[in-house]
Amino acid sequence: MKINPILAIDGYKVSHRVQYPAGTTRVYANFTPRSDRFFRSPLADGRLVFFGLQGFIQWFLVDLFHDAFFARPEAEVVDEYKRLMDGYLGRDAVAVEHIRDLHRLGYLPLHIKALDEGSKVPMAVPVLTIVNTKPAFFWLVNYLETVLSAELWKASTNATIAHHYRKICARWAEQTCSDLAHLDFQCHDFSFRGMSGLQDAMQAGGGHLLSFKGTDSIPSLHYVRDYYTDGGDYFIGAGIPATEHSVMCMGEREHEIETFRRLIVDLYPQGFISIVSDTWDYWRVLTEYARELKPLIMAREGRVVFRPDSGDPVAILCGTAADDDLRPERSAEEKGSVEVLWELFGGSINDKGYKVLDPHVGLIYGDSITLERANEILRRLAAKGFASSNVVFGVGSFTYQYTTRDTFGFAMKATWGEVNGAGRTIFKEPKTDNGLKRSARGLLRVARDEQGELRLYDEQTWAGEREGELKTRFLDGRLYHCEHFEQIRQRLAAQR
């Protein structure tokens with residue numbers, strides 16, 4: 001459905017235009033992550049990865065407003081608005097002339113300034129500001145709060161989560177690996193099916209791709225290509241052939257090993273192939289089938305990746321026995337997947353003294369992975385003498401959907417306005433609040449301090465507001481300072 005974007009609002013927004021003081025001509029607001037008190041990461045650093053604005057501006061403020069509002073006949077747009085409002089709040093309860101005036105203007109008279117995407121932003125520092133450019137349309141600024149918040153909080157939140165997966169993987173790779181070449185693909189996006197629809201999956205998947213290049217979310221590749229590249233041959237992300245349980249079940253339990261054989265010999269004699277391995281008896285696959293198929297696996301040019309998909313991921317990969325338990329009679333479950341494959345296929349010892357599985361085999365675990373579990377798995381592997389590169393994580397909706405706007409306390413608040421030609425510094429500071437909801441005051445500037453950290457400076461003059469790190473991204477219907485995805489990737493990678 002291509003909704004008329006003027007209707008992409010919370011219902012109470014339609015009443016605010018007449019509630020502002022008579023003579024209001026400008027409203028100035030900001031969008032800010034206020035707190036990370038609900039974010040849990042072993043490497044939490046009090047900062048957010050800002051992402052998603054460029055895509056939102058292009059698809060919603062530019063394309064959708066053109067196609068579903070400005071390009072449609074005036075009478076059709078105004079009548080649609082009136083019919084809906086008459087049914088929602090009562091006949092003639094909401095005026096329509098301001099909608100007619102906006103349509104006749106032909107563009108959104110707004111100025112949005114924002115930080116560079118891929119920036120790491122401390123809590124309580126605005127990522128963007130927005131103000132109207134024509135006095136009659138002061139009402140537009142906070143009118144768009146709902147959709148702006150809905151479209152931006154999750155893209156930034158998930159970009160931050162992906163960045164923390166990357167930090168965890170990099171931390172253990174620096175300790176246990178000879179090189180870091182595997183990092184781009186160590187976390188693979190499995191989240192599409194658990195997201196809140198297609199648009200959500202595309203944007204959240206784009207956030208994942210800032211830190212990794214492995215994904216099963218084809219729509220997120222489409223999103224990044226359309227809104228963050230020039231449409232050329234730039235490499236965004238990729239996946240590998242992989243099975244699912246229906247494939248394994250259709251091959252029948254008594255012939256499971258033949259399904260493996262067909263996959264690695266007939267269908268994929270070279271390259272990577274990921275095979276879900278716990279449809280029935282995972283440990284039998286790893287101890288019996290893998291042993292029987294070893295000559296075929298070792299003869300391939302490529303890697304057979306075993307994929308467990310149930311149970312406790314830490315125990316499945318690292319074993320149930322203590323890390324210093326070296327008893328030879330330990331079971332496969334006690335040893336864990338990595339050690340079982342090492343005993344069967346061997347590998348090498350890297351220059352940091354850690355074991356690396358033979359490149360013909362690998363492991364990916366994609367069920368119920370969290371930042372804490374990923375860190376614990378890599379910690380335990382290191383304790384057992386294995387390099388972190390021996391496993392890949394499938395990061396799913398357990399990670400990317402167990403978030404809310406409150407994960408980083410996102411809020412859009414007005415801090416300055418103009419009434420009858422006079423500026424007003426405005427703010428909220430509830431006595432019943434613990435300080436979280438206290439807003440900034442007046443015009444805002446975001447600049448870097450002597451340590452290079454982003455800081456908020458409020459109660460600015462207009463001259464001060466024009467300085468700093470907030471750059472024009474949208475002005476009077478047009479997108480400005482468009483950046484390529486690679487620039488954003490590099491910007492984030494350069495920050496710790």
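Helices (H or I, at least four residues) and strands (E, at least two) are DSSP runs, numbered from the N terminus. What you see is a predicted model, in which local features need pLDDT of at least 70 and side-chain atom pairs count only at pLDDT 80 or more, while totals for chains, interfaces and linings use all residues. Residues are numbered from 1 along each chain as its sequence is written, and side-chain values use heavy atoms, with hydrogens and water left out.

**Figure 1. The whole protein, before we zoom in.** Welcome! The protein has 18 helices and 19 strands, and its C-alpha atoms fill a box of roughly 85 × 50 × 45 Å along the principal axes. Of its 496 residues, 54% are buried; here buried means under 20% relative accessible area, exposed over 50%, and partly exposed in between (1.4 Å probe, protein chains only). The protein exposes about 21,500 Å², and carbon and sulfur atoms supply 50% of that area. Accessible areas come from the Shrake-Rupley method with a 1.4 Å probe, and for residues only the protein chains shown count as cover. Contact means heavy atoms within 4.5 Å. Among contacts between residues at least 6 apart in sequence, 76% join residues at least 24 apart.

**Figure 2. Leu7, in the segment before helix H1 (16-19).** Start your tour here, with a residue that is buried at a relative accessible area of 15%. Which residues does Leu7 touch, leaving aside those up to four places away in sequence? Look for Glu80, Tyr81, Leu84 and Met85. The C-alpha atoms of Leu7 and Met85 are separated by 9.7 Å, although the two residues are 78 residues apart along the chain.

**Figure 3. A seven-stranded open sheet with two helices packed on it.** The strands follow the order E15-E14-E1-E5-E3-E18-E19, with antiparallel pairing. Strand E15 (422-425) and strand E19 (478-479) stand at the edges with a single partner strand each, so one side of each has no neighbour in the sheet. Two strands pair if DSSP finds at least two bridges between them. Strand E3 (residues 110-114) and strand E5 (residues 128-132) run antiparallel and are joined by five bridges; Leu110, for instance, has Asn132 in E5 as its bridge partner. Helix H2 packs on this sheet and touches E3, E5, strand E18 (471-475) and E19, its direction making about 20 degrees with that of E18. Helix H6 (residues 145-176) packs on the sheet too, touching strand E1 (24-33), E5 and strand E14 (410-419), and its direction makes about 140 degrees with that of E14. For these angles, axes are lines fitted to C-alpha atoms, for helices over the stretch in contact, and values run from 0 to 180 degrees between N-to-C directions.

**Figure 4. Gln54, a residue of helix H2 (residues 53-70).** Is Gln54 buried or exposed? With a relative accessible area of 5%, Gln54 is buried. Apart from residues up to four places away in sequence, Gln54 touches Glu117, Tyr227, Tyr228, Leu479, His481, Cys482 and Glu483.

**Figure 5. A six-stranded open sheet with parallel pairing.** Its order is E7-E6-E13-E12-E9-E8. Strand E7 (214-215) and strand E8 (270-276) stand at the edges, and each has a single partner strand, so one side of each is left without a neighbour in the sheet. Two bridges join E7 to strand E6 (residues 187-189), and these two strands run parallel. One pairing to look for is His188 with Gly214, its bridge partner in E7.

**Figure 6. Ser217, in the loop between E7 and helix H8 (218-228).** At 1% relative accessibility, Ser217 counts as buried. Beyond residues up to four places away in sequence, Ser217 touches Asp189, Phe192 and Ala201. Gly206 lies eleven residues from Ser217 along the chain, and their C-alpha atoms are separated by 9.2 Å.

**Figure 7. Helix H14 (residues 337-345), largely enclosed by the rest of the structure.** Why is H14 described as largely enclosed? Eight of its nine residues are buried: Ser337, Val338, Glu339, Val340, Leu341, Trp342, Leu344 and Phe345. Just after H14 comes Gly346, with a positive phi near 70 degrees.

**Figure 8. The hairpin of strands E16 and E17.** Five bridges join strand E16 (residues 443-448) to strand E17 (residues 454-460), and the two run antiparallel. Ala447 stands opposite Arg455 in E17. The hairpin has five residues between the strands, and here Gly452 takes a positive phi near 85 degrees.
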